[in-house]
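Visitor: I'd like a close look at one part of this protein, the largest cavity and what surrounds it. Could you walk me through that, and then show me how the rest fits around the picture?

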Amino acid sequence: MAQKQQILHQQRPFSSSPRSYSSISNRPIFLLSRNGLLLLLLALFLLLGVFLPWPGSPLLLLPNRVSAPSYATSLSPQAKSEWRDYTLAQAAKFVAKNGTVIVCAVSSPFLPFLNNWLISVSRQKHQDKVLVIAEDYITLYKVNEKWPGHAVLIPPALDSRTAYSFGSQGFFNFTARRPQHLLQILELGYNVMYNDVDMVWLQDPFQYLEGSHDAYFTDDMPQIKPLNHSHDLPPPDQNGETYICSCMIYLRPTDGAKLLMKKWSEELQSQAWSESIRFKANDQPAFNLALNKTAHQVDLYLLSQVAFPTGGLYFSNEAWVKETKGKHVIIHNNYIIGYDRKMRRFQEYGLWLVDDHALESPLGSLQ
């Protein structure tokens, strides 16, 4: 608590303040009395308690999880209350270094991926400027217990039972908040880098942010580009679409970057009424629409493909990876769906760092 009070004291200008059912016998059960009925109900409750996960369990949300991690916290009720009152303005001021904040948005089932990402960020000496936007209270409490001041929850907290199935309305709600969070940080005057936590840093990405552009981003297409490819927004394909990734973005607090975030939010609001499953799957189609609609007003910069390859290229083209060895900066574990599948792929490529290097993370071991 002394650390929490110190953070607030430093910031005086801001206010402080898929489920499986066990099979049972098909033989009929004859109830001859009220006692028999009560015994049957008791047996049913016991059966459910043993074989079904609790509603808040990641097992319910991530059907391919083998086991659900437990994240107990020793925070007092008062400490929890104070972290609930912790504002984005306070948090950004606390973590910002040289006017820059590195942001990720995390829910409790993905804390192991957060820890894995943080190890790689720490190896590049940028962990102190990381701000975790917690999407649930478990994440808020656990991160701030281990690493005080580095997590904030921007209400409302999302329903942890519906937020993590790709393509679901809950997943859309989870990702649709991203431009709002980033815009708020820009309005506070900070540069902001956003990363999904299914990424691993191999080098310092900041040295690749050339010039003074409004927004930097990566291409999500796996087709190989020349090493000296253009840094302009790629032209739309035959369907009139671009495929820029919304998972690695760097923004400066300029009018152009703010306009882009506002347009992204507008497009997401339009998507909320769309009948298209593709448009409701995640926030990336809306990001691409916003990029194309503001390209004449915003100074955009496409980052090097060899430095920031999409998972569809890095994990699928072994020859290209060998030819470009030493040039990769951030690896994105996309083009694959499923918690365990992502973890196994990281393990297969030597990029799952948590098991052997947890102490390199500011969070340490989460168990």
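Guide: Sure, let's start wide and then zoom in. The protein chain folds into 16 helices and 9 strands. Keep in mind that this is a predicted model, so treat every value here as computed from that model. Of the 367 residues in the protein chain, 52% are buried. The chain's accessible surface is about 18200 Å², and carbon and sulfur atoms account for 55% of that.

Now for the cavity. The largest one has a volume of about 80 Å³. Why can a program find a space like that at all? Rolling a probe the size of a water molecule over the atoms shows where empty space is left. The residues lining the largest cavity include Met199, Thr218, Asp219, Asp220, Cys245 and Met248. Also in that lining are Phe308, Pro309, Thr310, Ile330, His332 and Asn334. Try finding them on the strands: strand 6 (215-219), strand 7 (244-251) and strand 9 (330-332) each give at least two residues to the lining.

Let's stay with one of those lining residues, Cys245. Its relative accessibility is 2%, so cysteine 245 counts as buried. Cysteine 247 is buried too, at 9% relative accessibility. You might wonder about a bond between the two. A search of the whole structure turns up 0 disulfides. Cysteine 245 is in no disulfide, and the nearest cysteine sulfur, in cysteine 247, sits 3.6 Å away. Why don't they count as bonded? The sulfur of cysteine 247 has its closest cysteine sulfur in cysteine 245, and 3.6 Å is too far for a bond. The cut-off for a disulfide is sulfur atoms within 2.5 Å.

Follow strand 7 (244-251) along and you get to leucine 251. Setting aside residues up to four places away in sequence, leucine 251 touches Leu182, Leu186, Asn191, Val192, Asp214, Ala215, Ala257 and Met261. Leu251 is also among the residues with the most contacts inside the largest nonpolar core, which has 95 residues. Leu114, Trp117, Leu260, Met261 and Trp264 are in that group as well. There's a general habit behind this: in soluble globular proteins, nonpolar side chains tend to be buried together.

Two of leucine 251's partners, Leu182 and Leu186, take us to helix 9. In helix 9 (residues 178-187), 7 of the 10 residues are buried, so the helix is largely enclosed by the rest of the structure. The buried ones are Arg178, Pro179, His181, Leu182, Leu183, Ile185 and Leu186. After helix 9 comes glycine 189, with a positive phi near 95°. Pro179 has another link for you to trace: serine 265 is in contact with Pro179 and Gln180, leaving aside neighbours within four places in sequence. Serine 265 belongs to helix 10 (residues 255-271), and at 16% relative accessibility serine 265 is buried.

Back to the cavity, this time on the side of strand 9 (330-332). In the loop between strand 9 and helix 15 (339-348) you'll find tyrosine 335. Tyrosine 335 isn't a glycine, yet its phi is positive, about 60°. At 46% relative accessibility, tyrosine 335 is partly exposed. Carry on into helix 15, where Tyr339, Asp340, Lys342, Met343, Arg345 and Phe346 are buried. Helix 6 (111-123) and strand 5 (199-201) are among the elements covering them. Met199, by the way, is one of the cavity's lining residues. Just after helix 15, glycine 350 has a positive phi of about 70°.

A few loops are worth a stop before you go. Asparagine 317 lies between helix 13 (311-314) and helix 14 (318-323), and at 24% relative accessibility asparagine 317 is partly exposed. Asparagine 317 and isoleucine 224 are 93 residues apart in sequence, with their C-alpha atoms 9.6 Å apart in space. Asparagine 98, in the loop between helix 5 (88-95) and strand 1 (100-106), is exposed, with a relative accessible area of 79%. Although asparagine 98 is not a glycine, its phi is positive, about 55°. Finally, look at the peptide bond from proline 155 to proline 156: it is cis, with omega near 0°. Proline 156 is in the loop between strand 3 (151-153) and helix 8 (169-176).

Note on methods
Residues are numbered from 1 along each chain as its sequence is written. Side-chain values use heavy atoms; hydrogens and water are left out. A nonpolar core is a set of buried Ala, Val, Leu, Ile, Met, Phe, Trp, Tyr and Cys residues joined through side-chain atoms within 4.5 Å. Buried means under 20% relative accessible area, exposed over 50%, partly exposed in between (1.4 Å probe, protein chains only). Contact means heavy atoms within 4.5 Å. Helices (H or I, at least four residues) and strands (E, at least two) are DSSP runs, numbered from the N terminus. Accessible areas come from the Shrake-Rupley method with a 1.4 Å probe; for residues, only the protein chains shown count as cover. On a 1 Å grid over the protein atoms alone, a cavity is a set of points where a 1.4 Å probe fits but cannot get out, and a pocket is an open set with protein on both sides within 12 Å along at least five of seven lines; lining residues have an atom within 4 Å of a point. Grid points are joined across faces, edges and corners, and a volume is the space filled by probe spheres set on the points.
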